[in-house]
Amino acid sequence: MATVELRFSALPEHVRTARLVAAAVARRAGVDEAVLDEVRLAVGEACSRAVGLHQIGGISAPVKVLLIEEEKQFSIEVGDEAPHAVAGDAGAGPGGPDGEADEDEMGLAVISGLVDDVEVSAGEHGGLIKMTWPTTPPPTILV
């Protein structure tokens, strides 16, 4: 299992770099070429969401992206350190006001539409979006 860790300052201009790195590592891991655009878009959305949460919350910690290559799958985890509402905290969602919470929900909906296997977890110490794609093993060459 190989893991690449990427940390970047919560600035929108770094999201593009995260997208490019994710696509390159996904290609090397064996993610189907037809799916790479979805990988790029999903990572861009998840990273943009994390950047926005950090900026709204005044958090100076970097956004963390883990690219994990396993035997038959490739996963990307995008983590933020923004406090999220815990079940039962009405109106205390990420970003506070309803408009920003709606934007957050829209971002999660976009990610869910792009990736079949998505896990979202959040708590008072931050959130994590884990996205997973199947990989195809390299062809066996018989000599």
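Me: Which residues does Val39 touch, not counting residues up to four places away in sequence?

Reply: This is a predicted model, where local features need pLDDT of at least 70 and side-chain atom pairs count only at pLDDT 80 or more, while totals for chains, interfaces and linings use all residues. Residues are numbered from 1 along each chain as its sequence is written, and side-chain values use heavy atoms, with hydrogens and water left out. Contact means heavy atoms within 4.5 Å. Leaving out residues up to four places away in sequence, Val39 touches Ala22, Ala26, Val31, Ile76 and Trp133.

Me: Why does Val39 count as buried?

Reply: Val39 lies in helix α2, residues 36–57. Buried means under 20% relative accessible area, exposed over 50%, and partly exposed in between, with a 1.4 Å probe and protein chains only. Val39 counts as buried because its relative accessibility is 0%.

Me: Which residues does Val43 touch, not counting residues up to four places away in sequence?

Reply: Val43 also lies in helix α2. Val43 is buried, with a relative accessible area of 0%. With residues up to four places away in sequence set aside, its contacts are Ala18, Arg19, Ala22, Ile76 and Met131.

Me: What separates the C-alpha atoms of Val43 and Ile129?

Reply: Val43 and Ile129 are 86 residues apart along the chain. Their C-alpha atoms are separated by 9.6 Å.

Me: In what order do the elements of the protein run from the N terminus on?

Reply: Helices (H or I, at least four residues) and strands (E, at least two) are DSSP runs, numbered from the N terminus. The protein has 3 helices and 5 strands. From the N terminus on, their order is β-α-α-β-β-α-β-β.

Me: Which residue in β5 stands opposite Ile76?

Reply: Two strands pair if DSSP finds at least two bridges between them. Strand β3 (residues 73–80) and strand β5 (residues 126–134) pair in the antiparallel sense over 8 bridges. In this pairing, Val78 stands opposite Ile129. Across from Ile76 in β5 is Met131.

Me: How many residues of β3 are buried?

Reply: Strand β2 (residues 63–69) runs antiparallel to β3, and 6 bridges join them. The two form a hairpin with 3 residues between them, and Glu69 stands opposite Phe74 in β3. β3 is mostly covered, and its buried residues number 7 of 8.

Me: How many residues lie between β4 and β5 in their hairpin?

Reply: Strand β4 (residues 117–123) pairs with β5 in the antiparallel sense over 7 bridges. Val120 stands opposite Ile129 in β5. The number of residues between β4 and β5 in the hairpin is 2.

Me: Which element gives the most to the lining of the largest pocket?

Reply: A pocket is an open set of points on a 1 Å grid over the protein atoms alone, with room for a 1.4 Å probe and protein on both sides within 12 Å along at least five of seven lines; lining residues have an atom within 4 Å of a point. The largest pocket has a volume of about 200 Å³, the space filled by probe spheres set on the points. Of its 10 lining residues, the closest to the centre are Ser48, Arg49, Gly52, Glu103 and Asp104. Two elements give two or more residues to the lining, α2 and α3 (98–114), and the one that gives the most, with 6 residues, is α2.
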